Protein chains: 2
Amino acid sequence: MGKMNLDALIASSYENFYYLSGHESTFMYTLRMSEVALAVLFRDPNVKTIIIMNDFEAAGVSSDLPNCELRTYPTWVDVDDPLGLKGGKYEGKRPTGHQAQEMFGLLQKTLAEHGCETGKIAVELNDMRHSSVDTLRQAAPDAELVEAKGLFTLLRMVKTTWEIEQLRAACAYAETGLADAAQSIRVGSTAKDIVHEFQLSLMKDVKGLAARFHMISVGASFAPAHRFETTPATTGDVIKFDVGVDVNGYGSDIARTFVLGNPSETITRIYRALKAGHDRLLEIVAPGISMQAAFEDAMGVIRRSGLPNYNRGHLGHSAGLSLAAEEPPFLGPTETTLFQPGMVICLETPYYGYGIGAIMIEDMVLVTENGCERLNQLSRELVSL
Amino acid sequence: MGKMNLDALIASSYENFYYLSGHESTFMYTLRMSEVALAVLFRDPNVKTIIIMNDFEAAGVSSDLPNCELRTYPTWVDVDDPLGLKGGKYEGKRPTGHQAQEMFGLLQKTLAEHGCETGKIAVELNDMRHSSVDTLRQAAPDAELVEAKGLFTLLRMVKTTWEIEQLRAACAYAETGLADAAQSIRVGSTAKDIVHEFQLSLMKDVKGLAARFHMISVGASFAPAHRFETTPATTGDVIKFDVGVDVNGYGSDIARTFVLGNPSETITRIYRALKAGHDRLLEIVAPGISMQAAFEDAMGVIRRSGLPNYNRGHLGHSAGLSLAAEEPPFLGPTETTLFQPGMVICLETPYYGYGIGAIMIEDMVLVTENGCERLNQLSRELVSL
């Protein structure tokens with residue numbers, strides 16, 4: 001923040017709010033509300049991080065957070081105190097909906113208290129709702145607002161030991177579900193059946209069902225489907241799992257492909273090319289190598305190995321908090337970021353073809369001092385069922 | 001649209017895109033991306049609705065949609081055509097991420113084709129990401145952009161027969177899960193255990209696990225929790241279910257409260273007051289009554305029935321597409337909208353108290369010609385377990 005001359009960094013999305021506050025907001029995660037809570041990190045490390053939340057959700061947050069201070073604003077839900085346990089009950093009229101003005105008003109007060117009301121403040125400008133940006137600008141008219149995305153990417157892309165453990169657990173947890181579900185597949189199985197088995201398997205774990213996504217395709221229907229397909233699998237079909245589960249807010253994203261019976265020559269050729277590229281990624285990902293170099297190298301291998309027209313925007317991405325499965329930086333043609341120890345990266349070589357379906361290998365790796373460690377244990381071969 | 005002098009209405013959120021296109025976008029619903037697809041409805045009923053999507057998701061959409069036309073833009077995922085089934089394979093370089101400029105560029109072309117490029121266009125201005133609004137304004141600099149929220153609320157608040165059937169099914173489906181999970185509760189049960197039973201019950205249904213949310217609280221911990229509590233229930237604890245499940249994009253939102261053993265006097269008093277207010281809502285909701293009148297009336301009943309300081313921003317809301325559980329219009333103090341036949345409304349009288357927990361009754365009702373029909377079957381009493 002010093003280098004960028006920033007006075008404060010403000011999180012307003014579910015993922016960055018969790019990253020700075022340690023609190024997973026139900027309003028944000030489950031009910032998909034945006035900008036209903038803020039976390040404010042000041043440049044001065046002696047100043048506590050300020051967490052601004054509505055009083056209903058805040059009732060679930062410990063009042064003695066380490067190095068954080070909680071400030072609340074009223075929402076439509078009242079909290080009564082009939083036993084006189086807390087005192088200071090809110091007496092005002094409850095609003096019908098979310099109070100963006102109150103929330104950003106509290107932010108302005110917080111900035112002013114720390115002499116930052118005319119400072120340079122990084123906020124999630126591009127991803128905030130348009131109305132939130134307007135309300136923020138009205139509340140803090142003298143602050144210089146700059147985009148925070150790049151800084152959050154820099155902070156989040158190298159993981160702590162604790163974060164690596166969550167991602168390692170999320171990877172193992174998804175692999176168990178994937179392996180259990182794969183075992184259940186028969187001629188006649190549908191994508192919906194396989195999703196069901198995947199969910200049942202996860203529910204056996206003490207963590208419970210924490211699937212982020214399970215993009216499971218059977219046969220030629222490769223397009224992402226919010227309602228799972230009920231077309232029965234027939235001999236020769238490819239079955240693709242692209243799945244992710246959550247452990248303490250950190251998500252895996254892994255993929256494997258199976259074939260019912262023996263693969264056709266076309267499928268064998270495609271798989272061989274994808275695997276050659278994926279092997280190459282596992283071989284070259286190491287500190288000091290750029291993401292664009294890894295992308296270009298592996299794309300070349302795939303094209304020379306049987307898929308001369310293979311086309312793709314990226315071959316992987318950072319793993320972590322985003323529920324979109326993919327988060328920056330990406331292994332793409334313009335990404336100059338170098339791999340660094342402590343990064344957890346998904347490496348993927350997906351293929352989708354009309355009349356063929358989806359074929360995909362995706363592994364998670366931890367970048368180490370001199371290469372990378374696979375977090376996956378499952379075979380990377382095309383397995384016949 | 002004629003009355004508002006609108007030339008076109010554009011949907012860009014998961015819910016309104018589904019409402020206008022009939023397609024549930026996985027990128028939007030599962031991966032939580034915003035403004036990655038658009039649906040454009042023109043005022044002229046003879047002009048087809050234009051659906052603008054990325055080519056990967058579009059591969060899952062039928063090419064002969066009734067009264068719709070599909071237009072696509074390239075994304076980072078390539079779709080191959082090795083068997084020559086489709087022709088016209090995309091040869092350009094695939095981008096790393098979402099192409100907002102391409103998407104809004106297609107929109108501008110579409111508007112221009114229909115002579116609307118300088119027209120009055122309703123868009124989801126407030127809810128769109130700030131960066132999307134900027135990109136849209138650059139792509140369509142001469143259009144007059146106005147907020148679409150009010151129009152979508154008007155369109156969505158009165159349901160078709162098909163929509164009512166989905167909501168009726170979603171209500172029944174959630175009640176089965178709730179009843180099954182309630183049966184499993186014992187001294188020692190945790191919120192996490194009860195959520196598990198709720199999920200298992202839903203999975204027995206042919207629709208599979210389609211929970212939108214399951215805000216289940218045990219004892220005094222009433223705050224919404226993204227990670228379910230593992231505090232064991234003890235005798236006298238209230239156990240509150242506030243749950244919703246999805247049927248074809250339409251969601252229920254219902255609540256019931258149980259008590260382990262006999263309720264304390266305080267809990268009995270609170271429940272009696274809430275139920276009196278809830279009874280009153282069921283009695284008075286009918287066409288021609290305003291939402292604010294119903295709110296004020298029921299608030300008065302609750303305050304006179306044992307909770308003189310009962311405070312709350314609203315006592316219910318429209319049900320339907322929103323994953324936030326609540327959608328406008330609200331039974332709140334300023335809502336002048338009148339109940340109309342065909343509305344499906346959630347009526348709720350929630351209470352949260354320190355040292356007490358959550359106590360809540362929430363029913364879904366269909367507004368009929370001369371009153372309302374409850375879609376719930378479960379008892380509205382405080383049931384001892």
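The following legends describe four close-up views of a predicted model.

**View 1. The span of chain A annotated as "domain: Creatinase N-terminal".** An unreviewed UniProt entry lists this domain at residues 1–158 of chain A. Helix accounts for 31% of the span and strand for 18%. The C-alpha atoms at its two ends are 17 Å apart.

**View 2. The span of chain A annotated as "domain: Peptidase M24".** In the unreviewed UniProt entry, this domain covers residues 165–369 of chain A. The span is 32% helix and 24% strand, and 17 Å separates its end C-alpha atoms.

**View 3. The buried residues of helix α5 of chain B and their surroundings.** Helix α5 of chain B comprises residues 130–139. Its buried residues are B:His130, B:Ser131, B:Ser132, B:Val133, B:Thr135 and B:Leu136. Within chain B, these residues pack against α4 (100–113), β5 (120–123) and β6 (144–147). They also pack against α5 (130–139) of chain A.

**View 4. The packing of helices α9 and α10 of chain A.** Helix α9 (residues 265–284) and helix α10 (residues 291–304) of chain A have axes 8 Å apart and pack at an angle of about 150°. Because angles over 145 degrees count as roughly antiparallel, α9(A) and α10(A) are described as roughly antiparallel to each other. The crossing of α9(A) past α10(A) is right-handed. On α9(A), the contact is made by A:Ala273, A:Ala276, A:Gly277, A:Arg280, A:Leu281 and A:Ile284. On α10(A), the contact residues are A:Ala294, A:Asp297, A:Ala298, A:Val301 and A:Ile302. Eight residues of this contact are nonpolar, one is polar and two are charged.

How values were computed:
Residues are numbered from 1 along each chain as its sequence is written. Chains are lettered from A and ligands numbered from 1 in the order in which they are written. This is a predicted model: local features need pLDDT of at least 70, side-chain atom pairs count only at pLDDT 80 or more; totals for chains, interfaces and linings use all residues. Side-chain values use heavy atoms; hydrogens and water are left out. UniProt positions are given in the numbering used here, feature names are shortened, and annotations may be inferred rather than shown by experiment. Helices (H or I, at least four residues) and strands (E, at least two) are DSSP runs, numbered from the N terminus. Buried means under 20% relative accessible area, exposed over 50%, partly exposed in between (1.4 Å probe, protein chains only). Contact means heavy atoms within 4.5 Å. Axes are lines fitted to C-alpha atoms, for helices over the stretch in contact, and angles run from 0 to 180 degrees between N-to-C directions. Angles under 35 degrees count as roughly parallel, over 145 as roughly antiparallel, 65 to 115 as roughly perpendicular and the rest as oblique. A crossing is left-handed if the near helix is turned anticlockwise from the far one by less than a right angle, and right-handed if clockwise. Ala, Val, Leu, Ile, Met, Phe, Trp, Tyr, Cys and Pro count as nonpolar, Asp, Glu, Lys and Arg as charged, and the others, Gly among them, as polar.
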